[in-house]
Every structure is written in structure tokens, then in C-alpha cells.
Amino acid sequence: MKNTDNTSVFETVAAQIQDLITKEGLKQGEKLPAERTLADIFKVSRSSVREAIRSLAQLGIVESRRGDGTYISVPVEDSSLQALNEAFSKQRKRVHEIFEFRRALEPHIAAAAALRCTQKDIEKLKIIICDQERKLKAGEDVSDLDIKFHHTIAEASGNSFFTATMTVLDPEISETRSTSLINPERLKKSLDYHYKLLDALENKDGDRAQRLMEEHLDCAEETSITVNISQTHQLS
């Protein structure tokens, strides 16, 4: 199996783990190497390994035991690899549907916010972006700030239904912020778009805010499913 442009890092790692199990002849009940070891073997981050193991656990292929490690639950066969590929295909479809819905809603929210936002709203957004940049440079998780940024724009729109809708949908939208779908390129581009959106809102430019939000979501979806081939080994 080889990487493709629409394969995320953790998908590749999950397949590599299965390949490792097969090549090493590991049996049901045997323990997998530690996360750190797997990250070193596959030249990826530990978070990618963690997401890969989680996906394999959801399929019943491995079992993670807190404080003990990860164990093989069932023999790894071609059928399990097919099941894994099907699961990833379903996830990609779901992620696309979530972004499709966000594109139908959030650009209009941004346009409304540009026309109605107050100076207080602008100051809130500036603080969020500054915190996001600081945490990004420190290599810290910024997903909470991304959520806060988009929620603040919804609040700035002055429409309570926009705010309520974003709040209700947050668990689903959060799926697109999973660590398995995040890479450094997406984080940097997201910050860049947040700065541009702030400028559009501060200048009361509704058309530009709407266009930028559309581009922002397009870019986020594209980079969430694009693998950085240099981060991973190709599978054979």
C-alpha cells in the first residue's frame, strides 16, 4: 500500500503498524512496541501514532491497556486491512460533509460579523490570535483557540441563532480539528487566515470577510487530508 495525496498521516501509520505486525509475525495477545518506538520507526509524531492506534482499537484489531501498553486483539489479515481502508474512507466522507456544511454557514456569519462587530469584539479576536500565535510557536495545541475564534465571530454577528448553531454543532465540527487531521501546514495557514479575517472585520468589509472564510475552510479541508510524504515511509 502506498501513500496517496488524500491519505492522512495517521492512516498511513495505521497501515504501517499492521504491516509491522505481519512482518514481525506478532500473534494475538502479544504487545506492540511503545508509542515512542513506533514514532521513531515510522518517522512521525507520537500524536500520529496515538491516533493510528486509536483507529485500530476502534476496529478491534488492538487493545490499549492504560499504563501497560497496546496488545494485538485479533490476527491481522487482509480482511482487517480492507476494513481499515473502509473506515478511513467513511471518515474522509464525514469530514468532507462537515466542511461542506461549514461553508454553507460560516462565510455568511463572517459577512454579518464584519458589518455588526464592535471594537470590543475586535479586541477579543486580537487577543485570541495573539494567544494562538504564541502557543503555535511553542508547539502547543491551539484547537481550543481555533474554536474560540470562530465562536467569537458568530457572537460578533449579533445573531443569536448563529451563535446557538455553532455551539450545538461544535462536537461534530471538532472532528475536523482532530490531531489526526492537523499538520503544521494547516496550523500556519489557519493563523494566516485568522489575521486576514480580523483585518476584514476591523475594516467592516463584509464581502472580503465572506470570501476569506470560504477560502479558509477550503484550505482547512484540503490540508486536513493531505499527507506530508516526507514525514512517512511509503508502504510496499
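Biologist: Okay, contact here means heavy atoms within 4.5 Å. Which residues in H5 meet which ones in H6?

Modeller: Asp121, Lys124, Leu125, Ile128, Ile129, Asp131, Gln132 and Lys135 in H5 meet Asp144, Leu145, Lys148, Phe149, Thr152, Ile153 and Ala156 in H6. Those contact residues split into seven nonpolar, two polar and six charged. Ala, Val, Leu, Ile, Met, Phe, Trp, Tyr, Cys and Pro count as nonpolar, Asp, Glu, Lys and Arg as charged, and the others, Gly among them, as polar.

Modeller: Bear in mind that this is a predicted model, where local features need pLDDT of at least 70 and side-chain atom pairs count only at pLDDT 80 or more, while totals for chains, interfaces and linings use all residues. Residues are numbered from 1 along each chain as its sequence is written, and side-chain values use heavy atoms, leaving out hydrogens and water.

Biologist: And what counts as a helix?

Modeller: A DSSP run of H or I with at least four residues, numbered from the N terminus.

Biologist: Are H5 and H6 roughly parallel or antiparallel?

Modeller: Roughly antiparallel (angles over 145 degrees). Their axes, lines fitted to C-alpha atoms over the stretch in contact, cross at roughly 170° on a scale from 0 to 180 degrees between N-to-C directions. The axes come within 10 Å.

Biologist: Is H6 buried or exposed overall?

Modeller: Ten of its 14 residues are buried (under 20% relative accessible area, 1.4 Å probe, protein chains only), so H6 is largely enclosed by the rest of the structure. Phe149 and His150 are among the buried ones.

Biologist: What does His150 have to do with Arg102?

Modeller: Arg102 touches His150, and its other partners include Ile173, Arg177 and Leu217, not counting residues up to four places away in sequence. Arg102 sits in helix H4 (residues 78-116) and is buried, at 4% relative accessible area. Leu217 is one of the buried residues in H9.

Biologist: New topic! What's odd about the phi of Lys43?

Modeller: Phi of Lys43 is positive, near 60°, though the residue isn't glycine. Most residues other than glycine have a negative phi. Lys43 is in the loop between H2 and H3, and is exposed (over 50%) with a relative accessible area of 55%.

Biologist: And where's Lys204?

Modeller: Lys204 is in the loop between H8 and H9. Its phi is positive too, near 55°. Lys204 is partly exposed (from 20% to 50%), at 40%.

Terms used:
Helices (H or I, at least four residues) and strands (E, at least two) are DSSP runs, numbered from the N terminus. Angles under 35 degrees count as roughly parallel, over 145 as roughly antiparallel, 65 to 115 as roughly perpendicular and the rest as oblique.
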